[in-house]
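Here are my notes on this model, point by point. Please read them with the coordinates open.

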Amino acid sequence: MYYAVRINPSLRLLSLNMNYCNSQNWWMLLNSTDPGQELEWLVQQLQEAELRGEKVHIIGHIPPGHSDCLPVWSANYHRIINRFESTVRAQFFGHSHMDEFEVFYDEDRRPTNVAYIGPSVTSYEGLNPSYRIYTVDGSYPKSTSAVLDHETYYLNLTEANLWDRPIWRRSYSARQEYRMQNLHPDQWSKLLDRFEVDEELFQKFIRHLYHLSDFPREMCTGECKQETLCRMRTARSHDSTFCN
């Protein structure tokens, strides 16, 4: 099921059923282009919002660039987001359990949008429970409805087991931690560029990727680093075009 909800007069929320892109959904072998006419419905919703001067937030489970999302569905979704980049002001997904993001680019490699992939409350696998609070431009005339910042909180399981009680702590603010002017798509793209050359900053991101977990892991360098950055440079599954 997919549906739309009006948050305020100038903002609508579209909830997508990401089972229609799930590579583990064998029914998609019958039709992986647009099963359930969800993408057709999405275009209609975005077109209507554009004509009315409204902004849109999109929520779903599997991120469109994740390897678990079928390539055909993902590519079509990517085209839709690029077409309505001025209308879609935020996208929120989960599934990976990691604290990460995906940047959308057009064919000229211009960043057009960003999908936020929120950290999970579940500790699977080797993670601390985490959650996130987004600060969004509010309901007023000519509001952008854009994400202004986000703050992430975590529960250290080692500490909780030691003291036999949960202690939630603030992990970080995106703008403060990564020294970002704003959370526009171009800033997230520039952050990926900075990760390439600033090893200390990248390793800080890796710590947040795993929710500041104490679980032992090898340091992410070399091929691990390139795969991690590539994963966030493409919102089209199984397509590394923008990684090069």
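1. Start with helix H7 (223-233). Its buried residues are Lys225, Thr228, Leu229, Met232 and Arg233. Viewed down the axis of H7, they fall within an arc of 135 degrees, so they line one face of the helix. The cover over these residues includes E5, H5 and H6. Keep in mind throughout that this is a predicted model.

2. The general rule behind such a face is simple. An α-helix has 3.6 residues a turn, so residues three or four places apart point the same way.

3. Helix H1 (residues 38-52) can be checked for length. Its 15 residues, at 1.5 Å a residue, should span 21 Å, and the C-alpha atoms at its ends are 21 Å apart, which agrees. The buried residues in H1 are Glu38, Leu39, Trp41, Leu42, Gln45, Leu46 and Ala49. Their arc around the axis is only 155 degrees, which puts them on the same side of H1. They pack against strand E1 (3-8), strand E2 (11-15), E3, H2 and E4. After H1 comes Gly53, with a positive phi near 75 degrees.

4. Now the largest nonpolar core. Which of its 28 residues touch the most other members? They are Phe101, Tyr178, Trp188, Leu191, Leu192, Phe195 and Phe205. At least two core residues come from each of strand E4 (88-93), strand E5 (100-105), strand E6 (111-117), helix H5 (185-197), helix H6 (199-209) and helix H7 (223-233). H6 gives the most, with 5 residues. There is also a second, separate core of 25 residues; Met18, Cys21, Ile58 and Cys69 are among them.

5. Trp188 deserves a look. Beyond its neighbours within four places in sequence, Trp188 is in contact with Phe101, Val103, Val114, Tyr116, His150, Ala174, Met180 and Leu183.

6. Phe195 belongs to helix H5. Is Phe195 buried or exposed? Its relative accessibility is 0%, so Phe195 counts as buried. Leaving out residues up to four places away in sequence, Phe195 touches Tyr178, Leu201, Phe202, Phe205, Lys225 and Leu229. Two of these contacts, Lys225 and Leu229, are listed among the buried residues of H7. Leu13 is another matter: Phe195 and Leu13 are 182 residues apart in sequence and 32 Å apart in space, C-alpha to C-alpha.

7. On the aromatics, the count comes to 18 pairs with ring centres within 6.5 Å. Tyr172 and Tyr178 make one edge-to-face pair, at 5.8 Å centre to centre and 65 degrees between the planes. Both Tyr172 and Tyr178 are buried. One aromatic cluster is formed by Phe92, Phe101, Tyr116, Tyr134, Tyr172, Tyr178, Trp188, Phe195, Phe202 and Phe205. Among its members, Phe101, Tyr178, Trp188, Phe195 and Phe205 also appear in the list of best-connected residues of the largest core.

8. Last, His66. Where does His66 lie? In the loop between strand E3 (55-59) and helix H2 (71-83). A polar atom of the His66 side chain lies 2.9 Å from the backbone nitrogen of Asp68. Neighbours within four places in sequence aside, His66 is in contact with His95, Ser96, Glu102 and Ser237.

Note on methods
Residues are numbered from 1 along each chain as its sequence is written. This is a predicted model: local features need pLDDT of at least 70, side-chain atom pairs count only at pLDDT 80 or more; totals for chains, interfaces and linings use all residues. Side-chain values use heavy atoms; hydrogens and water are left out. Helices (H or I, at least four residues) and strands (E, at least two) are DSSP runs, numbered from the N terminus. A polar contact is a pair of N or O atoms within 3.5 Å; within protein, one must be able to donate a hydrogen and the other to accept it, and residues adjacent in sequence count only if both atoms are side-chain atoms. Contact means heavy atoms within 4.5 Å. A nonpolar core is a set of buried Ala, Val, Leu, Ile, Met, Phe, Trp, Tyr and Cys residues joined through side-chain atoms within 4.5 Å. Buried means under 20% relative accessible area, exposed over 50%, partly exposed in between (1.4 Å probe, protein chains only). The expected span of a helix is 1.5 Å times one less than its number of residues. The arc is that of the directions from the helix axis to the C-beta atoms. Rings of Phe, Tyr and Trp (its six-membered ring) pair if their centres lie within 6.5 Å; planes under 30 degrees apart count as stacked, over 60 as edge-to-face and the rest as tilted.
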